[in-house]
Amino acid sequence: MSAPPRRIVTGHDAAGQSVVLSDAPTPKTLDIGSAAFHEMWITDRMPVPIAAGEPEPTDAGQGVW
């Protein structure tokens with residue numbers, strides 16, 4: 001299997017400056033042997049609010065796992 005994809009999340013700090021909030025492999029992966037599914041992001045709002053202190057959205061438990 002190849003390396004997992006990276007997820008780079010950007011946002012804004014309290015001063016409105018662009019910042020990188022995280023740069024890491026996807027937080028959740030479902031590997032079924034012949035395929036792997038990588039959960040990139042979950043949201044229930046549009047536009048998506050991404051504050052520097054926002055918790056990890058994939059921890060909300062709303063995915064397909």
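This is a short tour of the structure above, one selection at a time.

**Stop 1: the whole chain**

Before you click on anything, keep in mind that you're looking at a predicted model. Show the entire chain as a cartoon and you'll find four strands and zero helices. Start at the N terminus and follow along: the elements read β-β-β-β. Now switch on the surface. The accessible surface adds up to about 4800 Å², and carbon and sulfur atoms own 57% of that. How much of the chain is buried? Of its 65 residues, 12% count as buried. One more overall number concerns contacts between residues at least 6 apart in sequence: 35% of these join residues at least 24 apart.

**Stop 2: the start of the chain**

Select Ser2, which sits in the segment before E1. Ser2 counts as exposed because its relative accessibility is 59%, and the cut-off for exposed is over 50%. Now add Ala36 to your selection. Ser2 and Ala36 are 34 residues apart in sequence, yet their C-alpha atoms are 10.0 Å apart in space.

**Stop 3: two arginines in E1**

Move along to strand E1, which covers residues 6-12. Pick Arg6 and Asp23 together and show their side chains. These two form a salt bridge, with the closest N and O atoms 2.8 Å apart. The pair ties together distant parts of the chain: Arg6 belongs to strand E1 and Asp23 to strand E2 (residues 18-25), with their positions 17 residues apart in sequence. Don't go hunting for others, since the structure holds one salt bridge. Arg6 is exposed, at a relative accessible area of 52%, while Asp23 counts as partly exposed at 44% relative accessibility.

Now click on Arg7, also in strand E1. Is Arg7 buried or exposed? Arg7 counts as buried, because its relative accessibility is 8% and buried means under 20%. Zoom in on the end of this side chain and look for Met40: the Arg7 side chain reaches the backbone oxygen of Met40 at 2.8 Å. As a general point for reading strands, side chains in a regular strand alternate between the two faces of the sheet.

**Stop 4: the hairpin of E3 and E4**

Next, select residues 28-31, which make up strand E3, and residues 36-39, which make up strand E4. The two strands run antiparallel and are joined by four bridges. Which residue in E4 stands opposite Lys28? That's Glu39. Do the same with Thr29 and you'll land on His38 in E4.

Then look at the turn. Four residues lie between the strands of this hairpin, and Gly33 takes a positive phi near 95 degrees. Ile32 has its place in the loop between E3 and E4 too. Ile32 counts as exposed because its relative accessible area is 51%.

**Stop 5: a nonpolar patch**

Keep Ile32 selected and add Leu30 and Phe37. What do these three residues form on the surface? They make a nonpolar patch, with about 270 Å² of accessible area together. Color the three of them on the surface view to finish, and you'll see the patch that includes the loop residue Ile32.

Note on methods
Residues are numbered from 1 along each chain as its sequence is written. This is a predicted model: local features need pLDDT of at least 70, side-chain atom pairs count only at pLDDT 80 or more; totals for chains, interfaces and linings use all residues. Side-chain values use heavy atoms; hydrogens and water are left out. Two strands pair if DSSP finds at least two bridges between them. Buried means under 20% relative accessible area, exposed over 50%, partly exposed in between (1.4 Å probe, protein chains only). A polar contact is a pair of N or O atoms within 3.5 Å; within protein, one must be able to donate a hydrogen and the other to accept it, and residues adjacent in sequence count only if both atoms are side-chain atoms. Contact means heavy atoms within 4.5 Å. Accessible areas come from the Shrake-Rupley method with a 1.4 Å probe; for residues, only the protein chains shown count as cover. Patches are made of residues with over 30% relative accessible area and no salt bridge: like charges are joined within 9 Å, nonpolar side chains (Val, Leu, Ile, Met, Phe, Trp, Tyr) within 5 Å. A salt bridge is a side-chain nitrogen of Lys or Arg within 4 Å of a carboxyl oxygen of Asp or Glu.
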